[in-house]
Amino acid sequence: MSHTPRDLSHLQPSDRAEVLAQALPYIRRYHGKTMVIKYGGNAMTDPELQAAFAEDVVLLKLVGINPVVVHGGGPQIETLLKRLGKEGRFVQGMRVTDAETMEVVEWVLAGEVQQDIVGLINRAGGKAVGLTGRDGAMIRARKLRMVDLNDPSVEHDIGQVGDIVSIDPSVVRALQDDQFIPVVSPIGFGERNESYNINADVVAAKLATVLQAEKLLMLTNIRGVLDKQGQLLPELTPRRVDELVADGTISGGMIPKIAGALDAAKSGVKAVHIIDGRVPHAILLEVLGDQPFGTMIRSH
């Protein structure tokens, strides 16, 4: 993977100094605070965006902000399942996960994808450590009971898909205190040590809540939440979310993402933003600037 820094020689030294000075109030405001970043979409697969993401995360750490990365891996899981001749199936935005699929999920998320992200961050000058929900007994889970959205009397069995029982953030805090950057795979474990595939958006939202994060940033492949005309909705409240789900504007994989974001906002995470991961340095644009970027989820 190659990443060439942009040529900024056309900028006057005074302009460069001004850019840095403008970031100072945000660095001061967020110094010592935790930010949970849900990493997914194009930002995970495009080499230029991968490098920009890693640089952003390392920069946050170096200026005294504590990033925690939670990653998905849907496209990578789908690719391997197809190679094995297995068709991925979804119900209400959640992947149906039988025992064989669970093996693939663990291999891809806790192996290939996680180690790629750890390597990217380390290469950019950070010290990343990969975790799953088993490490430090972090994510305890049980089988998700999925009630049909249209008929509450119907319940879908989607296999080893997990619902979070509790998150113990001790291992994440210990790593942060030692200047490491935790990279979390969304895999939990049950009472009988069985593995559960958990939606990464849900894990990011719950982890942000238990860590009392200042911000939860969710990188996606769209500019934010869009209305039916394709216009960006800069802010969403719970009531507006209900309306958008009812009329089908929010559907599929966006449902758990928005639900998790709302839960986090209601549980004390100060700011929840859904931002466009296709924009280089999207994280820095959101954290170190005052221009509205993406969609902010409010608790009321």
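**Sheet, helix packing and annotated site in a predicted model**

Me: In what order do the strands of the open sheet of 8 strands stand?
Reply: In this predicted model, the sheet is an open one of 8 strands, and its pairing is mixed. Read across the sheet, the order is β5-β10-β2-β1-β13-β15-β16-β14.

Me: Why is one side of β5 and of β14 left without a neighbour in the sheet?
Reply: β5, residues 128-131, and β14, residues 235-236, have one side without a neighbour because they stand at the edges of the sheet. What each of them has there is a single partner strand.

Me: Which residue in β16 is the bridge partner of glutamate 235?
Reply: β14 pairs with β16, the strand of residues 295-297, in the parallel sense and over 2 bridges. For glutamate 235, the bridge partner in β16 is methionine 296.

Me: At what angle do helix α2 and helix α4 pack?
Reply: Helix α2 covers residues 47-62 and helix α4 covers residues 99-123, and their axes lie 8 Å apart. The crossing of α2 past α4 is right-handed. The angle at which the two helices pack is about 65 degrees.

Me: How many nonpolar residues has the contact of α2 with α4?
Reply: From α2, the residues Gln50, Phe53, Ala54, Val57 and Val58 meet Ile117, Leu120 and Ile121 of α4. Sorted by class, this contact has no charged residues and 1 polar residue, while the number of nonpolar residues is 7.

Me: What is the largest C-alpha distance among the residues of the "binding site" feature?
Reply: An unreviewed UniProt entry places this feature at Gly73, Gly74, Arg95 and Asn197. These residues are spread over 125 residues of sequence, yet they cluster in space, with a largest C-alpha distance of 11.6 Å.

Me: Where is glycine 73 found?
Reply: The lining of the second largest pocket includes Gly73, along with Gly74, Arg95 and Asn197. Along the chain, β2 spans 66-71 and α3 spans 74-83, and glycine 73 is found in the loop between β2 and α3.

Note on methods. Residues are numbered from 1 along each chain as its sequence is written. This is a predicted model: local features need pLDDT of at least 70, side-chain atom pairs count only at pLDDT 80 or more; totals for chains, interfaces and linings use all residues. Side-chain values use heavy atoms; hydrogens and water are left out. Two strands pair if DSSP finds at least two bridges between them. Helices (H or I, at least four residues) and strands (E, at least two) are DSSP runs, numbered from the N terminus. Axes are lines fitted to C-alpha atoms, for helices over the stretch in contact, and angles run from 0 to 180 degrees between N-to-C directions. A crossing is left-handed if the near helix is turned anticlockwise from the far one by less than a right angle, and right-handed if clockwise. Contact means heavy atoms within 4.5 Å. Ala, Val, Leu, Ile, Met, Phe, Trp, Tyr, Cys and Pro count as nonpolar, Asp, Glu, Lys and Arg as charged, and the others, Gly among them, as polar. UniProt positions are given in the numbering used here, feature names are shortened, and annotations may be inferred rather than shown by experiment. On a 1 Å grid over the protein atoms alone, a cavity is a set of points where a 1.4 Å probe fits but cannot get out, and a pocket is an open set with protein on both sides within 12 Å along at least five of seven lines; lining residues have an atom within 4 Å of a point.
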